[in-house]
Amino acid sequence: MSRIHDMGGRLGTGPVDPKDGYDFGEAKDWHKRALALNVACGFLGQWNIDASRHARELLDPQDYTAFSYYEKWMGGLADLMVDRGVVTVEELASGQAAGVSPVSFRAAKPDTVEAVLMNGSPYTRDAAAPVFAVGAKVKTRRPARNVAVPGGHTRLPAYAAGAVGEIVLQHGAHVFPDSNAHFQGEAAEPLYAVRFTAQELWGAEADPRDEVVLDLWESYLEPVA
Amino acid sequence: MVFVENTDEVHNMVVCTLCSCYPWPLLGIPPGWYKSDAYRARAVREPRAVLAEFGVMLPEGKKVRVWDSTAEVRYLVVPQRPVGTEGLSEDELAALVTRDSMIGTALAQEPLTEEPGA
């Protein structure tokens, strides 16, 4: 993947527009359908949240830049559905199913959707105890990359690679996206909130008072003496 | 869910630089600006400039702590209680808390004050 999505610290994007509110105006009614389609297809159980993020990250960088938010979601969804065998390219192109899908029995039902969405999915798991204590100094992996899958999914942003920070929270063990996104198992490991000074990340131009905190998995981190 | 409290010393704000992670069950669907390239790119690098674009000017000396939502843990900012709200009820206080103040791109609203002599 191009890492076009890894935007933290990128320059030249222009100002933030606080008036850019919700997308669900009349002119953008299809956004509701795009969101609903993505959520509904998640009920089919053929992928996980990490795989769906990775699918959007795999979009051609020119598409990623040009697409609106929900266009990215639909692009990622189409790729996932074909990759996972839910639909064929021909079915997608024609809009007509070639037959009854073998996963149709998993389709979302109106009376269960709300409860499932409100409950969410837990990502905490019973796994090894954390190695790092609160207050411990740690250094992040550099470069930011998926060690097991070249070019694969990871949740270590490039701007925080190779930086020294301090553990501020232990979150317990969480499903490991670098593995789960590639259907290689949940491989849960301890997750931490790690605090970095802004100057560690951005240099002397940053405000010396400021800090950035990221949630980082244990294998992204090494101890600092 | 982790609640991070704004105080005299620190102002917290939340971003997701890698995608658009957001506390859906509590705040609903994220607004467009939260998902924009500009917010995702700049909130971690120049949070004070981003805050200024939202009209938020922090007092001299206050620290800005930005939380980048890189995992499934969701962060919600507890805005600082405005001065002059000592007598307000829970409902009246809740009415001062906006969506943006819980993301950290706004402060809690000031309470409406009665006109002098009204």
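How many of the nine residues of strand β4 (residues 189-197) of chain A are buried? In this predicted model, seven of them are, so β4(A) is largely enclosed by the rest of the structure. The legends below start from this strand.

**View 1. Strand β4 of chain A and its two partners, β3(A) and β5(A).** On one side of the pairing list, β3(A) and β4(A) run antiparallel and are joined by six bridges. A:A173 stands opposite A:P190 of β4(A). The pairing of β4(A) with β5(A) is also in the antiparallel sense, over seven bridges. Here A:L191 has A:W217 in β5(A) as its bridge partner.

**View 2. Pairing across the two chains, between β5(A) and β3(B).** Strand β3 of chain B covers residues 63-68 and is joined to β5(A) by four bridges. These two strands run parallel. A:E211 is placed opposite B:R65 of β3(B).

**View 3. The side of chain A that touches chain B.** Contacts between the chains involve 37 residues of chain A and 33 residues of chain B. Two elements of chain A, β3 (164-174) and β5 (211-217), each give two or more residues to this side of chain A. The most comes from β5(A), which gives six residues. By residue class, this side of chain A divides into 16 nonpolar, nine polar and 12 charged residues. For the complex, the predictor gives an ipTM of 0.95 and a pTM of 0.95. The average pLDDT of chain B is 94, and 95% of the residues of chain B score at least 70.

**View 4. The largest nonpolar core, with members from chains A and B.** This core holds 49 residues. Those that touch the most other members are A:V194, A:V212, A:L216, B:M13, B:V15 and B:V66. With neighbours within four places in sequence left aside, B:V66 is in contact with A:V212 of chain A. The other contacts of B:V66 counted in this way are B:M13, B:V15, B:A43, B:V44 and B:P47. A second core, separate from this one, has eight residues, including A:C41, A:A55, A:L77 and A:L80.

**View 5. Helix α2 of chain A, mostly covered.** The helix spans residues 49-57, and seven of its nine residues are buried. These are A:D50, A:S52, A:R53, A:H54, A:A55, A:R56 and A:E57. Among the elements that cover the buried residues of α2(A) are α4 (69-83) and α7 (177-180) of chain A. One of the buried residues of the helix, A:A55, is also a member of the second, separate core.

**View 6. The two domains of chain A.** Domain 1 takes in residues 26-119 and domain 2 residues 125-223. Their centres, taken over C-alpha atoms, are separated by 29 Å. Contacts between the domains involve six residues of domain 1 and five residues of domain 2. On the side of domain 1 that touches domain 2, one residue is nonpolar, two are polar and three are charged.

**View 7. A:G12, in the segment before α1 of chain A.** Helix α1 of chain A, which comes after this segment, spans residues 29-42. A:G12 is exposed because 8 other C-beta atoms lie within 10 Å, and a residue counts as exposed at 12 or fewer. A:P177 lies 165 residues from A:G12 along the chain, and the C-alpha atoms of the two residues are separated by 29 Å.

Note on methods:
Residues are numbered from 1 along each chain as its sequence is written. Chains are lettered from A and ligands numbered from 1 in the order in which they are written. This is a predicted model: local features need pLDDT of at least 70, side-chain atom pairs count only at pLDDT 80 or more; totals for chains, interfaces and linings use all residues. A residue is buried if 20 or more other C-beta atoms lie within 10 Å of its own, exposed if 12 or fewer, and partly exposed in between; C-beta atoms are placed from the backbone. Two residues are in contact if their C-beta atoms, placed from the backbone, lie within 7 Å. Ala, Val, Leu, Ile, Met, Phe, Trp, Tyr, Cys and Pro count as nonpolar, Asp, Glu, Lys and Arg as charged, and the others, Gly among them, as polar. Two strands pair if DSSP finds at least two bridges between them. pLDDT is the predictor's confidence in each residue, from 0 to 100. Domain bounds come from an automatic or database domain assignment. A nonpolar core is a set of buried Ala, Val, Leu, Ile, Met, Phe, Trp, Tyr and Cys residues joined through C-beta atoms within 7 Å.
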